[in-house]
Amino acid sequence: MSDDQAEKQEIGVAYDASDLRSLYGVCPRCRRVLIIIALAPALFGVSSFFDGFRGLDLFFQFVPYILMSVAITLATYFLSPLVQLRARRKNGWDDPIFVRLTEHAITTRHPSQNAQFPWSAIKKVVTTPDRLYFFTTPACAIILPRRCFVEDEQFNDWAARARKYWETGKQESFPR
């Protein structure tokens, strides 16, 4: 397929909770927030060790903090994406977003909003086996799941073109 034909292609994306949850795996800032949420209650439990050794009493004071830590982390990991999806649907964002790659920018089209992100504004492009991420901020990304592409070859083509365009766009905006 020629570059002109490829640039005219649009991919329709309808997000689900797994797409939003996948950001925890590729976004260091999102991962740090999840770790802090997990560690905060546990640190309160550990601090009770400095009150002196009290046997089983100390153990029973520590367990609730650990359970809170686990519950808060699981709730954040599983419920936060569901809440985000519900808010998106409530605000009219349940329609697919159409994404197009060109040599100069990533363009998104949706009935509620259209946007264009020049490659120089993209912070990072990450490709995983299941998704393609375009980070517009350190913690926010345009996500293109593999399931939105007709075939694997198309996904791989988009990933390669995105990487090439991003590398070129970075060099043009920040000369070395």
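A residue is called buried when its relative accessible area is under 20%, exposed when that area is over 50%, and partly exposed in between. Keep these cut-offs at hand for the exercises below, which explore a predicted model.

**Exercise 1. Sort Arg-146 and Asp-152 into buried, partly exposed or exposed, and find what joins their side chains.**

Step 1. Take Arg-146: its relative accessibility is 23%, so it counts as partly exposed.

Step 2. Do likewise for Asp-152, where 47% relative accessibility again gives partly exposed.

Step 3. Now look at the side chains. Arg-146 and Asp-152 meet in a salt bridge, with 3.0 Å from N to O.

**Exercise 2. Get an overview: how many helices and strands does the protein chain have, and in which pattern do they follow one another?**

Step 1. Count the elements: there are six helices and seven strands.

Step 2. Walk along the sequence and write down each element as you meet it. The pattern reads α-β-α-α-α-α-β-β-β-β-β-β-α.

Step 3. Add the surroundings. Of the 176 residues in the protein chain, 37% are buried. The accessible surface is about 10700 Å², and carbon and sulfur atoms own 61% of that surface.

Step 4. Finish with contacts. Among contacts with a separation of 6 or more, 55% are between residues 24 or more positions apart.

**Exercise 3. Decide how far the model can be trusted: which element has the lowest mean pLDDT, and which the highest?**

Step 1. Begin with the whole chain, where the average pLDDT is 82 and 84% of the residues score at least 70.

Step 2. Compare the elements. Helix α1 (residues 3–8) has the lowest mean, 58, while β5 has the highest, 94.

Step 3. Apply a general caution: where pLDDT is low, the predicted coordinates should not be read in detail.

**Exercise 4. Work out the sheet that holds β5, β6 and β7: what is its strand order, and which strands stand at its edges?**

Step 1. Trace the sheet. It is open, has three strands in the order β5-β6-β7, and its pairing is antiparallel.

Step 2. Find the edges. β5 (124–127) and β7 (140–145) each have a single partner strand, so one side of each is left without a neighbour in the sheet.

Step 3. Check the angle: neighbouring strands here are turned by 15° against each other on average, direction ignored.

Step 4. Zoom in on one pair. Strand β6 (residues 131–137) is joined to β7 by six bridges, and these two strands form a hairpin with two residues between them. Thr-137 has Cys-140 of β7 as its bridge partner, and Leu-132 has Leu-144.

Step 5. Ask how enclosed β7 is. Five of its six residues are buried, so β7 is largely enclosed by the rest of the structure.

**Exercise 5. Describe the other sheet: what is the order of its four strands?**

Step 1. The order is β1-β2-β3-β4 in an open sheet, with antiparallel pairing.

Step 2. β1 (11–13) and β4 (114–118) are the edge strands, each pairing on one side only.

Step 3. On average, neighbours in this sheet are turned by 20° against each other, direction ignored.

Step 4. Look at a pair inside the sheet: β2 (residues 97–101) and β3 (residues 105–109) are antiparallel partners over four bridges. One example is Leu-101, whose bridge partner in β3 is Ile-106.

**Exercise 6. Explore the salt bridges: which parts of the chain does the pair Arg-147 and Asp-19 tie together?**

Step 1. Start with the total, which is eight salt bridges.

Step 2. Examine the pair: the closest N and O atoms of Arg-147 and Asp-19 are 2.5 Å apart. Arg-147 sits in the loop between β7 and α6 (152–173) and Asp-19 in helix α2 (residues 17–21), so the salt bridge ties together parts that are 128 residues apart in sequence.

Step 3. Use the cut-offs again. Asp-19, at 0%, is buried, whereas Arg-147, at 45%, is partly exposed.

Step 4. Widen the view: Asp-16, Asp-19, Arg-131 and Arg-147 are linked in a network of salt bridges.

Step 5. Turn to a pair within one helix. Asp-157 and Arg-161 form a salt bridge of 3.5 Å, N to O. They lie four residues apart in helix α6, so about one helical turn separates them. Asp-157 is partly exposed at 30%, while Arg-161 is buried at 4%.

Note on methods:
Residues are numbered from 1 along each chain as its sequence is written. This is a predicted model: local features need pLDDT of at least 70, side-chain atom pairs count only at pLDDT 80 or more; totals for chains, interfaces and linings use all residues. Side-chain values use heavy atoms; hydrogens and water are left out. Buried means under 20% relative accessible area, exposed over 50%, partly exposed in between (1.4 Å probe, protein chains only). Contact means heavy atoms within 4.5 Å. Accessible areas come from the Shrake-Rupley method with a 1.4 Å probe; for residues, only the protein chains shown count as cover. Two strands pair if DSSP finds at least two bridges between them. Axes are lines fitted to C-alpha atoms, for helices over the stretch in contact, and angles run from 0 to 180 degrees between N-to-C directions. A salt bridge is a side-chain nitrogen of Lys or Arg within 4 Å of a carboxyl oxygen of Asp or Glu. pLDDT is the predictor's confidence in each residue, from 0 to 100.
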